[in-house]
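Grab your viewer and work through a few exercises on side-chain pairing, burial and backbone oddities. Try each task yourself before reading the solution under it.

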Amino acid sequence: MDTRFSRTDTIAAVATGAQLSAVGILRLSGPEAIALADRLFEPMAGAPLAAREDRKLVYGRLKTRAGDVLDLCLCTVSRGPHSYTGEDTAEFQCHGSPVVLRAALEELFALGARQAGPGEFTKRAFLNGRMDLSAAEAVADLIEAETVEAARNAAGQLSGAIAVRVEGIYAALADISAHYHAVLDYPDEDIEDFRLAAYRDTLTRALRDLRALRRSFEHGRLLRSGIPTVLIGRPNAGKSSLLNALLGYERAIVTAVPGTTRDTIEEKLRLGGVCLRLTDTAGIRPTEDAVERLGVERSRAALAEAELVLVVIDGSETFTDEDAALLREAERAPKALVLLSKSDRPPRTAAVETSLPVLPISALTGEGIDELERAVAALFPRPAVPAGEILTNARQAEAVERAIEALEAALQAMETGRTPDIVLTESEGAMAALGELSGRSVREDVTARIFSRFCVGK
């Protein structure tokens with residue numbers, strides 16, 4: 001797609017939300033951004049913004065069109081194409097009063113600016129060729145990152161790590177296609193004959209690299225959204241107490257009465273450096289209580305979708321058939337740990353017969369929490385992939401998958417002695433898929449969906 005992009009309108013938005021804060025940011029981008037900023041901003045000293053250097057903070061008064069002072073603030077301008085959006089931009093750094101920011105925004109609208117849509121600043125950066133689509137998606141991932149690892153990966157993508165890796169593959173395939181078409185279109189020129197077998201290693205390396213990239217998606221998916229995790233156990237086994245202990249505050253009601261938790265409770269937390277989407281479930285047991293029965297059904301649904309199951313067994317009580325049934329459920333999960341709760345009390349549960357790791361733990365004293373963190377970290381080790389080269393969303397993974405399928409077909413065609421044009425058609429199909437990953441050939445409806453997840457002002 002053509003990444004050159006121009007608009008005649010200027011957009012404006014508050015980039016820091018509607019809440020009270022120490023600093024509030026108001027952004028403009030477009031051909032009139034600097035001129036509009038000059039209409040409302042009076043520097044304390046020196047020339048107007050239009051005569052200032054790029055990316056230099058200027059202190060001054062933010063005024064209404066009538067001349068009333070709204071705030072004393074800082075302003076900076078950047079001229080296209082060397083700005084975030086690739087267009088002329090201006091940014092006010094004000095005191096964080098939502099009233100002041102909204103008043104200034106209304107003044108800009110009256111002067112001809114329009115409200116920016118969700119993600120429109122970053123979308124303009126993409127359309128103006130300031131970043132590729134994988135980097136643009138990384139902006140949202142960086143904002144939403146809930147662990148240091150997720151932030152590092154998003155920052156790496158924003159710096160172009162995936163783009164560099166994919167561009168190398170794309171360029172190698174483009175060389176094959178260019179050589180083939182040059183020989184075909186210019187038979188009288190002194191061009192080296194096209195020998196398909198000479199490119200076998202190129203296609204094989206490209207396929208290997210794309211498969212490695214695809215393998216990173218499973219980790220990236222969990223890195224971005226958190227690992228679906230459930231706490232299961234008999235009523236009053238200590239699940240809710242453990243949830244509260246891990247969170248550091250009382251999220252779930254805890255009483256000595258069995259069955260207090262009637263519904264699933266979901267919270268995100270970091271454990272062992274891993275982001276867990278942890279669900280505390282109602283005790284899974286037969287019940288005549290209609291409300292509790294609904295809770296049990298939801299618990300079973302959460303269990304079916306879990307990547308990690310933490311089965312809680314009350315170590316201060318005798319092991320029961322219900323405990324054994326829950327262990328069997330946990331052993332069928334992708335990953336699971338057995339937690340012998342209430343280790344601060346005299347133990348009554350004998351050694352649990354299971355292939356799963358068993359950890360004594362106490363929500364009251366914190367005993368075993370460190371061991372649990374280490375066990376979770378061991379179950380979900382970080383892949384040996386440089387930061388930024390982990391695929392984190394389904395759109396990227398689907399594009400890589402289609403590129404892999406096309407290259408597999410190309411190599412299969414080569415192995416079976418098909419004509420070069422068949423191999424080239426598949427190779428160019430892989431190029432098209434990789435173009436969608438970077439945004440080189442992506443459709444407008446796809447970009448609209450991508451940027452709709454951004455907040456206004458970014």
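What follows is a set of exercises on this predicted model, each with a worked solution.

**Exercise 1. Salt bridges inside helices**

Task: find what Glu-106 pairs with, and work out where the two partners sit.

Solution.
- Step 1: look for the partner. Glu-106 makes a salt bridge with Arg-102, and the closest N and O atoms are 2.7 Å apart.
- Step 2: place the pair. Both residues belong to helix α2 (residues 98–110), with their positions 4 residues apart in the count, about one turn of the helix.
- Step 3: check the solvent side. Glu-106 has a relative accessible area of 38%, so it is partly exposed. Arg-102 comes out at 40%, so it is partly exposed too.

Now try Glu-371: which residue does it bridge to, and in which helix?
- Step 1: the partner is Arg-374, with 3.5 Å between the closest N and O atoms.
- Step 2: the two are 3 residues apart in helix α11 (residues 369–379), again about one turn of the helix.
- Step 3: Glu-371 is partly exposed at 38%, while Arg-374 is exposed at 53% because the cut-off for exposed is over 50%.
- Step 4: zoom out to a network elsewhere. Asp-9, Glu-87, Arg-114, Glu-120 and Arg-124 are linked into one network by salt bridges that share partners.

For the overall tally, the structure holds 23 salt bridges.

**Exercise 2. One more charged pair**

Task: get the N to O distance for Arg-332 and Glu-329, then decide how exposed each residue is.

Solution.
- Step 1: their side chains meet in a salt bridge at 3.3 Å, N to O.
- Step 2: Arg-332 has a relative accessible area of 61%, so it is exposed.
- Step 3: Glu-329 sits at 23%, so it counts as partly exposed, given that buried means under 20%.

**Exercise 3. The aromatic pair**

Task: count the aromatic pairs and classify the geometry of Phe-41 and Phe-92.

Solution.
- Step 1: the count comes to 1 aromatic pair.
- Step 2: the ring centres of Phe-41 and Phe-92 are 5.9 Å apart and the planes meet at 55°, so the pair is tilted.
- Step 3: Phe-41 lies in strand β3 (residues 41–43) and Phe-92 in strand β6 (residues 89–96), so the pair ties together parts that are 51 residues apart in sequence.
- Step 4: are these residues buried or exposed? Phe-41 has 3% relative accessibility, so it counts as buried. Phe-92 is buried as well, at 0%.

**Exercise 4. The two sides of α11**

Task: work out which residues of α11 are buried and what covers them.

Solution.
- Step 1: Ile-369, Leu-372, Ala-375 and Val-376 are buried in α11.
- Step 2: these residues span an arc of only 120° around the axis, so they are on the same side of α11.
- Step 3: turn the helix over. The face away from the buried side carries the exposed residues Arg-374 and Ala-378.
- Step 4: the cover over the buried residues includes α8 (239–247), β9 (265–271), β10 (274–280), β11 (308–314), β12 (335–341) and β13 (358–360).

**Exercise 5. A surface patch**

Task: find which residues make the nonpolar surface patch, and place Tyr-59.

Solution.
- Step 1: Met-44, Tyr-59, Val-69 and Leu-72 make a nonpolar surface patch of about 350 Å².
- Step 2: Tyr-59 is in strand β4 (residues 58–63).
- Step 3: at 44% relative accessibility, Tyr-59 counts as partly exposed.

**Exercise 6. Backbone oddities**

Task: identify the conformation of the peptide bond from Gly-80 to Pro-81, then check phi for Arg-55 and Lys-342.

Solution.
- Step 1: recall the baseline. Most residues other than glycine have a negative phi, and most peptide bonds are trans.
- Step 2: the Gly-80 to Pro-81 bond is cis, with omega near 5°. Pro-81 is in the loop between β5 (69–78) and β6.
- Step 3: Arg-55, though not a glycine, has a positive phi of about 60°. This residue is in the loop between β3 and β4.
- Step 4: Lys-342 also has a positive phi of about 60° without being a glycine, and is in the loop between β12 and β13.
- Step 5: compare their burial. Arg-55 is exposed at 51%, whereas Lys-342 is buried at 16%.

Note on methods:
Residues are numbered from 1 along each chain as its sequence is written. This is a predicted model: local features need pLDDT of at least 70, side-chain atom pairs count only at pLDDT 80 or more; totals for chains, interfaces and linings use all residues. Side-chain values use heavy atoms; hydrogens and water are left out. A salt bridge is a side-chain nitrogen of Lys or Arg within 4 Å of a carboxyl oxygen of Asp or Glu. Buried means under 20% relative accessible area, exposed over 50%, partly exposed in between (1.4 Å probe, protein chains only). Rings of Phe, Tyr and Trp (its six-membered ring) pair if their centres lie within 6.5 Å; planes under 30 degrees apart count as stacked, over 60 as edge-to-face and the rest as tilted. Patches are made of residues with over 30% relative accessible area and no salt bridge: like charges are joined within 9 Å, nonpolar side chains (Val, Leu, Ile, Met, Phe, Trp, Tyr) within 5 Å. Accessible areas come from the Shrake-Rupley method with a 1.4 Å probe; for residues, only the protein chains shown count as cover. The arc is that of the directions from the helix axis to the C-beta atoms. Contact means heavy atoms within 4.5 Å.
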